[in-house]
Amino acid sequence: MRNVCSILSKTVLVVFAVYAAGVADDFINKIIPPAVVFETLALNHDIGTIKKPKYRSPTALVPSPDGTIMYIAEQAAKRICVYDLVNKKILRYMLLPNEVTGIAITADGKTLFVTCASDLWPAGMVCVVNAATGAIDKKITEKIGHTCRAPVLTPDGTKLYVSNMFDNNLSVISTASLSVIKVVEMIREPYAAAVTPDGKRLIVGNSLPNDRSTDSEWVSCQITIYDTEKDEVLKNIRLTRGSHSVFGVAVSPDGKYAFATHLIGKFNLEGSRVTGGWLHTNNIAVIDIDKMEFVNDVSLDFVEQGMANPWEIQFASKGFAPDSAYMLVTHAGANAISMIRYKPFIDTVLKVTGTGWVLGSANDMGQKFNFLTDAMRKVVDIKSKGTRALAVVGTKVFTAGFFDDENGIMEEHAITTINRRGGFPDPVMHTIGAPMKKTGERQGEQNFYDADLCLQEWQSCASCHPLTRPDALNWILAKTALASPKNAKSMLYAWWTPKTTWTGRRPNAASSIAAGIEIELAIAPQENMTVPMDTFFMYMKPVPSPFLKKGRLSESALRGRALYYDKTKVDCIECHAGPLFYDDKTYKVGVVDAFDPSPINTPGLTECWRTGPYGHLGSYYLKEIFLIEAHSNMKQNLADGKLTIQDVDDLIEYVNCL
Amino acid sequence: MKPVLRFKGVLSMMLFTIVLFSASVYSGLNPTRVDFFDNANNPISFIVFNYNEAGALTGRTMYMADSTFKREVDLVTNPTTGARVAETSRDFNGDTSFVTKYESDGLSFSIRDQFQLDHVGGVVNVAATDPLNYSLTYQVGGFASRMKYEYDASGNLKRVDVFNEQGVMEYFGVFSSVGVNKTVSARIGGAPQAVITSRGSAAIDVRFNLSEPGIVKCELLTLSGRVAGVLMNENVPKGHFLRSIKTGRNIKASSGVYLFVVSVNGRVVSSSRFLADVAVKGGVQ
């Protein structure tokens with residue numbers, strides 16, 4: 001009896017222990033099982049997963065004023081890496097609530113102003129961060145806009161300027177009150193900015209043209225000259241025809257000139273080759289700040305070598321003799337840095353420009369590749385891929401590749417122009433993170449931005465499709481008798497809305513990717529290039545529209561949505577049926593085209609808000625294309641009184657929300 | 001000690017544990033929301049839980065920390081067992097964005113988007129090391145996450161911590177619970193949108209909790225404020241309430257957008273937009 005009870009007791013205990021250990025909590029499972037927690041954090045890219053690891057993606061490098069610390073904006077990791085340059089080690093990380101898009105540091109090095117926004121959560125915020133502790137002292141969210149970036153502090157530290165890329169405006173922040181005191185309209189997708197040394201002028205680079213693509217005489221992006229004392233726009237200056245993708249802006253140390261990196265798209269030439277800068281040249285625009293005039297445009301390319309996708313630009317003057325300052329430019333596609341001696345550069349520009357620049361004339365430096373001599377400029381090849389960010393500390397320049405996952409390094413190079421390429425000291429490599437393996441999607445994204453995939457590195461896919469969307473130009477690319485201009489297209493949902501091209505002449509995105517590599521990058525497409533890009537395209541997701549109100553449709557958009565699905569009022573859904581708003585059919589929709597009478601494959605409407613101009617030629621603004629009679633019954637219904645002007649505006653609002 | 005007494009001791013301990021365990025688990029209130037933070041205490045996002053009149057969870061709504069709407073999630077449960085089978089996430093336009101499917105154990109899951117693309121890395125196995133601690137691993141191998149839940153002294157869910165592979169807490173969620181849900185929410189036709197096109201037998205489901213009896217009135221107003229129809233006007237007892245209102249007979253109005261307004265004892269507690277579509281059979285006549 002004793003033994004039986006003893007055995008029974010132990011057995012019950014063991015069974016119960018096993019039972020208690022193995023049973024999940026029923027209440028937790030009913031309300032918030034681990035899957036829900038995981039899904040919430042994983043789909044927001046807070047937790048890394050096998051499919052979506054948290055890559056670093058360095059997007060900005062900002063040194064402390066004393067040059068001992070480098071603050072590395074690890075955009076996708078939502079943090080800032082604080083790196084000790086002296087002892088070559090990571091000190092700590094500062095966590096931010098969203099992706100880090102830019103950093104500005106006060107003159108005393110005590111405070112960081114960090115812009116945060118992402119494709120998943122585009123509502124911008126400026127975090128005021130204690131540099132010593134990493135604590136966020138304040139978050140400025142009121143009147144900070146969609147996809148904010150490029151924080152710039154005035155030299156006196158009283159104002160901070162933040163570009164709200166997809167709100168197309170600029171927030172002016174008082175650093176005393178830590179609040180936005182004014183919001184100023186810009187042109188289109190302000191991406192980069194710089195302030196003059198005296199603090200009086202802010203130069204803002206609007207990265208895309210805001211014209212009809214068919215305005216081929218002048219279609220280009222613009223640089224805004226802004227008065228920081230009056231807080232008003234003084235002038236918008238057009239760059240060379242075909243200019244787009246302004247991703248970097250800098251001001252010379254003497255404050256006289258502003259410089260903007262950008263591409264010039266040769267959209268008016270049939271795309272028969274890529275060499276010699278036939279499709280794109282990679283340039284720096286020179287702006288006279290006092291005169292508020294465009295001076296000239298300088299190609300950064302060589303005769304036999306493109307320097308694809310110039311990105312950030314900065315000056316190095318401290319530690320150099322007078323008149324020996326350098327201008328440094330990263331080439332994100334060519335994976336290189338140009339180190340340009342500034343004095344001979346600007347002297348050459350002014351001399352060649354003479355009494356005034358004329359497009360296509362002998363004094364137009366934009367399409368000529370012999371001005372930047374070997375004595376004037378050295379190119380340093382960068383090991384890591386996607387060289388966007390750069391920082392200058394004394395006589396050294398630092399860069400970290402946006403796609404440098406496998407190595408996790410920041411490169412330090414001496415600034416010099418000795419030798420054109422090669423034959424110079426090895427860089428110092430700083431380890432800023434553990435190696436990470438690339439997923440297929442990530443490899444595809446890197447391939448998209450990598451001009452190593454292009455003959456002579458003239459361009460990457462991102463040259464015509466900056467940030468995978470259109471460059472707002474139309475191009476003559478088809479090698480057929482009917483080759484005629486076609487508006488650059490967005491890559492979003494290209495995989496899921498076959499056929500591709502405006503006329504639907506390619507069966508799917510995979511064939512377009514292969515054709516693009518073969519024709520526009522001029523190399524034979526290999527599987528290690530195309531397959532990852534296929535994956536990248538498959539996973540592409542839209543950025544929430546700036547027209548949404550806290551992520552939801554506005555009142556006007558709600559009315560517009562009701563109309564959109566009301567067949568008695570408009571016929572939109574006959575062709576643009578959700579959820580992708582396309583039907584894989586071709587139609588003649590009345591877009592006036594003197595060259596190509598082909599019917600057009602229905603484009604999807606997602607992200608309409610950012611992909612103008614519209615139509616296969618890029619000849620329309622949104623409201624105009626709505627009202628083409630052959631396109632829809634809207635114009636007729638408007639005339640018949642079935643629709644009001646307000647109805648049309650509501651419809652546009654809804655479409656802009658998609 | 002005598003074996004019988006020892007056995008009784010074991011039984012007593014078990015009973016005590018069961019009572020304690022039950023008390024700590026089952027006496028809690030339904031949480032209304034959970035706020036997520038990173039380990040620097042930065043608010044990231046929050047979830048609001050949606051319940052039916054019986055107190056059963058029907059779904060949730062996810063927002064970013066600034067209240068930007070991200071997605072509406074509806075639960076699909078096994079009608080026999082009540083076990084979670086799947087969850088469908090929908091965006092601002094009501095279109096499916098993600099689907100989470102649960103394995104037969106009701107815990108393990110996979111997440112795919114509307115194109116059936118895997119967004120995590122296959123099936124994630126979930127194992128409870130004890131009722132409050134969970135280990136998540138990928139079926140293909142490798143660590144996914146580890147989580148630890150916590151209840152407060154009142155038996156309410158208090159917190160969930162999320163750990164990385166090194167055991168460092170990276171994120172945490174803080175739960176909020178209230179006794180009676182005093183929010184009146186109008187769900188229209190089962191769809192999350194405030195404005196929809198009525199289909200078939202148009203109906204509006206109205207559900208809420210009342211802490212005390214009251215006069216509940218549901219009206220359709222034009223956007224200019226004119227009363228287009230009174231769908232309900234009656235005394236409602238305290239507690240959960242669900243009424244499915246057919247819109248067809250009660251509305252003398254043309255198609256268009258109206259405000260659906262719910263008031264309790266004369267005070268408006270909720271309003272949302274409703275699209276009446278005369279072109280569709282069963283809609284507004």
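1. Two strands pair if DSSP finds at least two bridges between them, and that criterion underlies the hairpin taken up here from a predicted model. In chain B, strand 6 (residues 96-102) and strand 7 run antiparallel and are joined by five bridges, and within this pairing the bridge partner of V99(B) in strand 7 is R112(B). Six residues lie between the two strands of the hairpin, and G106(B) takes a positive phi near 75° there. Strand 7 (residues 109-113) of chain B is largely enclosed by the rest of the structure, because four of its five residues are buried.

2. For chain B as a whole, the secondary structure consists of one helix and 19 strands. Of the 285 residues in chain B, 48% are buried, while the surface that chain B exposes comes to about 13,300 Å², with carbon and sulfur atoms supplying 54% of it. When contacts in chain B are restricted to residues at least 6 apart in sequence, 35% of them join residues at least 24 apart.

3. A residue of chain B that deserves a look is N156(B), which lies in the loop between strand 10 (143-151) and strand 11 (157-163) of chain B. Is N156(B) buried or exposed? Its relative accessible area is 12%, and N156(B) therefore counts as buried, the cut-off for that term being under 20%. Leaving aside residues up to four places away in sequence, N156(B) touches G28(B), L29(B), E150(B), Y151(B) and S177(B).

4. Turning to chain A, an open sheet is formed by four strands in the order 13-14-15-16, with antiparallel pairing. Strand 13 (190-195) and strand 16 (232-238) of chain A stand at the edges of this sheet, and because each has a single partner strand, one side of each is left without a neighbour in the sheet. On average, and with direction ignored, neighbouring strands of the sheet are turned by 20° against each other. The antiparallel strands 15 (residues 222-227) and 16 of chain A are joined by six bridges, and I223(A) has I237(A) in strand 16 as its bridge partner.

5. A further open sheet of four strands in chain A has the order 25-26-27-28, and its pairing is likewise antiparallel. Its edge strands are strand 25 (387-393) and strand 28 (428-431) of chain A, each of which pairs on one side only, and the twist from one strand to the next averages 25°. Strand 27 (residues 409-414) and strand 28 of chain A pair in the antiparallel sense over four bridges; in strand 28, T431(A) is the bridge partner of I409(A).

6. Helix 9 (residues 555-564) of chain A is mostly covered, with eight of its 10 residues buried. The buried residues of helix 9 are S556(A), A557(A), L558(A), G560(A), R561(A), A562(A), L563(A) and Y564(A). In the loop between helix 9 and strand 31 (586-587) of chain A one finds P579(A), which is joined to G578(A) by a cis peptide bond with omega of about 0°.

7. The loop between strand 32 (600-601) and helix 10 (622-626) of chain A contains T611(A), and P613(A) is found in the loop between strand 32 and helix 10 as well. The peptide bond from G612(A) to P613(A) is cis, with omega near 5°. With a relative accessible area of 16%, T611(A) is buried, and apart from residues up to four places away in sequence T611(A) touches R188(A), P470(A) and S490(A). T611(A) and D471(A) are 140 residues apart in sequence, yet their C-alpha atoms are 8.5 Å apart in space.

8. Most residues other than glycine have a negative phi, and most peptide bonds are trans. The loop between strand 8 (136-140) and strand 9 (148-153) of chain A holds K143(A), for which phi is near 65°, a positive value in a residue other than glycine. T147(A) is found in the loop between strand 8 and strand 9 of chain A and has a positive phi of about 55° although it is not a glycine. How do they stand in accessibility: K143(A) counts as exposed at 52% relative accessibility, whereas T147(A), at 10%, counts as buried.

9. As for internal space, the structure holds three cavities of 30 Å³ or more, and the largest cavity contains about 60 Å³ of space. Residues lining the largest cavity include E189(A), S207(A), F247(A), P470(A) and R610(A).

Technical notes:
Residues are numbered from 1 along each chain as its sequence is written. Chains are lettered from A and ligands numbered from 1 in the order in which they are written. This is a predicted model: local features need pLDDT of at least 70, side-chain atom pairs count only at pLDDT 80 or more; totals for chains, interfaces and linings use all residues. Side-chain values use heavy atoms; hydrogens and water are left out. Buried means under 20% relative accessible area, exposed over 50%, partly exposed in between (1.4 Å probe, protein chains only). Contact means heavy atoms within 4.5 Å. Accessible areas come from the Shrake-Rupley method with a 1.4 Å probe; for residues, only the protein chains shown count as cover. Axes are lines fitted to C-alpha atoms, for helices over the stretch in contact, and angles run from 0 to 180 degrees between N-to-C directions. On a 1 Å grid over the protein atoms alone, a cavity is a set of points where a 1.4 Å probe fits but cannot get out, and a pocket is an open set with protein on both sides within 12 Å along at least five of seven lines; lining residues have an atom within 4 Å of a point. Grid points are joined across faces, edges and corners, and a volume is the space filled by probe spheres set on the points.
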